[in-house]
Amino acid sequence: MKEIDLNLPDSTLLYYPNFYSAEKADELFNELLDGINWKEEQIKVFGKLHWQPRLTAFYANNTNTYSYSSLKMKPNPFFSTLKKIKEDVEKIADANFTSCLANLYRYGKDSNGWHADDEKELGKNPIIASVSLGANRFFKFRHKKDAQLQHKLLLEHGSLLIMKDETQHFWKHQLPKTQKQVEKRINLTFRII
């Protein structure tokens with residue numbers, strides 16, 4: 001399997017463009033689109049409540065909640081398809097993930113703003129493994145101390161991105177809006193909580 005090291009300073013970012021074949025990725029996308037308990041949730045940004053510009057769902061093999069932007073998510077139990085993907089990811093990431101935050105980007109206006117996955121419950125140097133299914137979308141990185149240090153990566157259908165070690169201390173990331181007509185995209189972010 002092809003591994004691409006993004007070689008950005010103060011980070012460990014590994015990209016696997018063909019983690020799943022196109023045929024397998026299509027199959028998983030359809031199963032997850034129907035099988036996940038998608039919800040539209042509100043988050044607090046600068047003291048005001050806003051609807052997230054995407055649908056989300058949280059799954060775990062324990063009862064630990066996950067909180068960000070004043071939103072506290074209670075986990076659903078893993079179901080067979082999600083559990084199998086988790087096991088596939090764990091072989092490459094060499095980690096035992098306890099949870100998965102799933103995101104459904106319905107169209108180009110659905111997005112995720114600049115942030116770092118640095119919540120306390122993720123630990124000091126969290127490992128995040130991100131599986132992309134559906135429409136290809138650009139993912140951007142920006143260094144926290146030097147805003148000139150930026151990188152753009154096209155997350156492809158069936159790909160895996162692993163962010164680990166000190167990455168979340170030094171880098172923010174986002175999935176920006178696009179004016180292009182794009183199909184739905186599912187993103188699974190496996191974490192240890």
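In the predicted model, Ala60 has Pro77 of β8 as its bridge partner. This pair belongs to the contact between β5 and β8, where two bridges join the strands in the parallel sense. Both strands are part of an open, eight-stranded sheet with the order β1-β2-β14-β11-β16-β9-β5-β8, in which the pairing is mixed. The edges of this sheet are formed by β1 (4-5) and β8 (76-77), each of which pairs on one side only.

Helix α2 lies across six strands, namely β2, β5, β9, β11, β14 and β16, and runs at about 60 degrees to β16. Helix α2 also packs against α1, with an axis separation of 10 Å and an angle of about 135 degrees. Since angles over 145 degrees would count as roughly antiparallel and those from 65 to 115 as roughly perpendicular, α1 and α2 are therefore oblique to each other. Their crossing is left-handed. At the interface between the two helices, Leu28, Glu31 and Leu32 of α1 meet Thr81, Leu82 and Ile85 of α2.

Ile85 also appears in the largest nonpolar core, which comprises 32 residues; together with Val89, Val131, Leu188 and Phe190, Ile85 touches the most other members. Two or more residues of this core are contributed by each of the helices α1 (22-35) and α2 (80-93) and by each of the strands β2 (12-16), β5 (55-60), β9 (99-105), β11 (128-134), β14 (159-164) and β16 (185-191). A further core of 23 residues lies apart from this one and includes Ile43, Phe141, Leu161 and Met163. Within the largest core, the surroundings of Val89 can be described residue by residue. When neighbours within four places in sequence are set aside, Val89 is in contact with Phe19, Phe97, Ala129, Val131, Leu160 and Phe190.

A second arrangement of strands is also present. Strands β10, β15, β12 and β13 form, in the order β10-β15-β12-β13, an open sheet with antiparallel pairing. Strands β10 (112-115) and β13 (150-155) each have a single partner strand and stand at the edges, so one side of each is left without a neighbour in the sheet. From one strand to the next, the twist averages 15 degrees. Inside this sheet, the antiparallel strands β12 (residues 137-143) and β15 (residues 171-175) are joined by four bridges. Arg142 stands opposite Lys172 of β15.

Key. Residues are numbered from 1 along each chain as its sequence is written. This is a predicted model: local features need pLDDT of at least 70, side-chain atom pairs count only at pLDDT 80 or more; totals for chains, interfaces and linings use all residues. Side-chain values use heavy atoms; hydrogens and water are left out. A nonpolar core is a set of buried Ala, Val, Leu, Ile, Met, Phe, Trp, Tyr and Cys residues joined through side-chain atoms within 4.5 Å. Buried means under 20% relative accessible area, exposed over 50%, partly exposed in between (1.4 Å probe, protein chains only). Contact means heavy atoms within 4.5 Å. Two strands pair if DSSP finds at least two bridges between them. Axes are lines fitted to C-alpha atoms, for helices over the stretch in contact, and angles run from 0 to 180 degrees between N-to-C directions. Angles under 35 degrees count as roughly parallel, over 145 as roughly antiparallel, 65 to 115 as roughly perpendicular and the rest as oblique. A crossing is left-handed if the near helix is turned anticlockwise from the far one by less than a right angle, and right-handed if clockwise.
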